[in-house]
Amino acid sequence: MKKAARAASARLDGVRSVPMPPMVKYLDQDGELLEKQSMSDELALEGYRVMLRGRRFDERCVSLQRQGRMVTLAPGIGQEAATVGAAMALDATTDWFVPQYRELAGQLWHGYPLRLAFLWHVGHPIAFQVPGDLNMLPFQAAIAGQLPQAVGLAWGLRLKRARGVVVAVFGDGGTSQGDFHEAANLAGVMKAPIIFLCQNNGWAISTTVEQQTASETLAQKAVAYGFPGIQCDGNDLFAVYATVREAVTRARNGEGPTLVEAITYRLGLHTTADDPTRYEPREMHDMWVDRDPLRRMQLHLVSRGVIDRSGLERMEDEVKEELRVAWDEAQKEPAPDPSYYFGHVHASPSTRLGGQLKRFERDGPG
Amino acid sequence: MERDERVVVFGEDVGVTGGVFRATDGLFARYGQARVIDTPLAEGVIAGAAIGLAIAGWVPVAEIQFLGFAHNGFNQVVDQLARVRYRSAGRFSAQVTLRAPYGGGVRAPELHSDAFEAHFTHAPGLKVIAPSTPADAKGLLLASIRDPDPVLFLEPLRGYRQVKGEVPAGDYTVELGEASVAREGSDVTVIAWSAAVQVALQAAEDAQAQGISVEVLDLRSLVPLDVKAIAASVSKTGRAVVVQEAPLTSGFAAEVVATIQEEAFFSLQAPIRRVAAPDVPYPVQMLEEHYVPNAERVLEAIVATTRD
């Protein structure tokens, strides 16, 4: 190798990696606190309840889907702490929650009704009609497609000098999308009050994170856009809550965006059309079962005496009943009129579309 | 912007320099950097952020510097922006105007000249406006900004420097979805939009010398389409030529031809003809005059249709 080339190579070796981002963690695997955390016991119990609600909802829906009563759906089993912890750090009256499609538990905390969640999984269009007082965008199927919009929303709030901030949720696969990079870049430039919450759940369908990126962490991608990236234990409610809360404070103070990589694991399926046994090593699954965020939180709450065994059983019964009521309500929702899909294309339909609707109402499709 | 404080202008180079075609000239000086904003060079997030800004209560007028590069943000324009109202069942809407220079004839570099309108007219929820005169550009732009739904506003590259015309002063709007008769005639209807209207008018003038009376219909708005005006003109003349700058296959002219067939078939005295670019990508500068439909080719089609 020539001398100059050797020197260049040596220079590049030095800049190949960036410092590891900080990793936030409070609870160990058995629910013991590693260090003091700030959430009150009452709030922790409420957080646990919503995590449980999300878990039981997903389990119920997978079962209903297997009975042919629901459409293809993407359960968030195993990721409840990551999304609930983030939602808990927000003020729902001013702050926005922008989902992908695997963060229902967090959406429930933010105020999305269970009844609509059930209707989402039967394919009813009103599930996408976020209730009028709820600061939330609808589910997004295009991976990372919500991120440019979330940045626009956050930037818009800043231009209005409003108090609100935005949490936008996406996955490890989403970090490969141009939309992620364009959104992060603009957010940095505009100092948009946004928290990019990346749920690194290990898998993008069957693709591993190692196949997704050569970066050592996903959090470090923030460095390139001029704002902090931080990792937290995504199966630790306290860690996610504390990390996102700090990022929310930064955003509210006009200090701009933060990328939070919540390390979690998809204990369930990508969707009900997926079969993880084709690609997921059994031992890896089992290892993460032991790190189940609900189990850890439950052990913690019991060991602190916040709740006991009978209290937990009571909570299970209450959640079961809530789900039953919501599912009953959802089933009572009238099916949309076939002509419903003509609505909401424009504020008022064009002459041409109006004509198509008339013909549809007279003759049906075709 | 004077009238509505919610209007914000942003995009690549729209601020201090006033846009590469000076379309936003003077706005930065007048309204400042809070409302006239230079953004990073990224079409996807320009279109996507417009959605979020609209949801936050702003009225974004964003510029895609050339329509040829809009495909970098195709997902945000077609799959997202166009569907905001629909997919949220009316909870959200996107009062967004995306301005985009497009079309050929000014010897611009590769991908700066393509007439890609048909890629966007196929996106339900998105309005597509393509004016040909300065007055319509003003009236339709103001109407687009005030429209509650997203509008892709196409500005012909040739229009910036080669077309001159009176512009009404003050607050002036032209309703979206209304074609205009650019020239009255009785033998053949030539239907065009954007820069092709000038070409059609020249051809009509030349046809007049041969004793053919040509009506030129300027669509102005592709979506919504003024079906009534098309039907009325073709019913009157019985003959139609549709002109588009884009390659022939699956171009918007095909939509116009199908519409005529549905609405005015029994008035037709001759097959409808299309004048379009051939099915090849837009060529580099030395070849472009052989590519973009010119008055000669339109005249040939006019004459041919009167002999069918």
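At what angle do the axes of helix α2 (residues 41–66) of chain A and helix α12 (residues 293–303) of chain A cross? In this predicted model, the two axes cross at roughly 150 degrees. They come within 10 Å of each other. The crossing of α2(A) and α12(A) is left-handed.

The residues that meet at this crossing can be named. Helix α2(A) contributes A44(A), L45(A), Y48(A), M51(A), L52(A) and R55(A). On the other side, α12(A) contributes P293(A), L294(A), M297(A), Q298(A) and L301(A). Nine residues of this contact are nonpolar, one is polar and one is charged.

The fold of chain A was examined next. Chain A has 14 helices and eight strands. Its C-alpha atoms fill a box of roughly 80 × 60 × 50 Å along the principal axes. For 366 residues, a compact globule would have a radius of gyration near 21 Å. Chain A has 22 Å, so the value agrees with that of a compact globule. Of the 366 residues of chain A, 45% count as buried. Contacts in chain A were also sorted by separation in sequence. Among those with a separation of 6 or more, 76% join residues 24 or more positions apart.

Attention then turned to the nonpolar interior. In soluble globular proteins, nonpolar side chains tend to be buried together. Here, the largest nonpolar core has 195 residues. Residues of both chains are found among those with the most contacts inside this core: V151(A) and I194(A) from chain A, and V190(B) and A200(B) from chain B. Helix α10 (residues 237–252) of chain A gives the most to the core, with 10 residues.

V190(B) shows what such a position looks like in detail. Residues up to four places away in sequence are left out of its list of contacts. V190(B) touches A200(B), A203(B) and A204(B). It also touches V214(B), V216(B), V241(B), V243(B) and V298(B), together with I302(B). A200(B) thus appears both as a partner of V190(B) and among the residues with the most contacts inside the core.

Finally, the contact between the chains was described. Chain B supplies 36 residues and chain A supplies 34 residues. On the side of chain B that touches chain A, α2 (43–55), α3 (74–80) and α4 (84–87) each supply at least two residues. The largest share comes from α2(B), with nine residues. By type, this side of chain B divides into 18 nonpolar, 13 polar and five charged residues.

Notes
Residues numbered from 1 in each chain as written. Chains lettered and ligands numbered in written order. Predicted model: local features only at pLDDT ≥ 70, side-chain atom pairs only at ≥ 80, totals over all residues. Axes fitted to C-alpha atoms, helices over the stretch in contact; angles between N-to-C directions. Helix = DSSP H or I, 4+ residues; strand = E, 2+ residues; numbered from the N terminus. Left-handed = near helix turned anticlockwise from the far one by under 90°. Contact = placed C-beta atoms within 7 Å. Nonpolar A, V, L, I, M, F, W, Y, C, P; charged D, E, K, R; others polar. Core = buried A, V, L, I, M, F, W, Y, C linked by C-beta atoms within 7 Å. Buried ≥ 20, exposed ≤ 12 C-beta atoms within 10 Å, placed from the backbone. Rg over C-alpha atoms; globule rule 2.2 N^0.38 Å.
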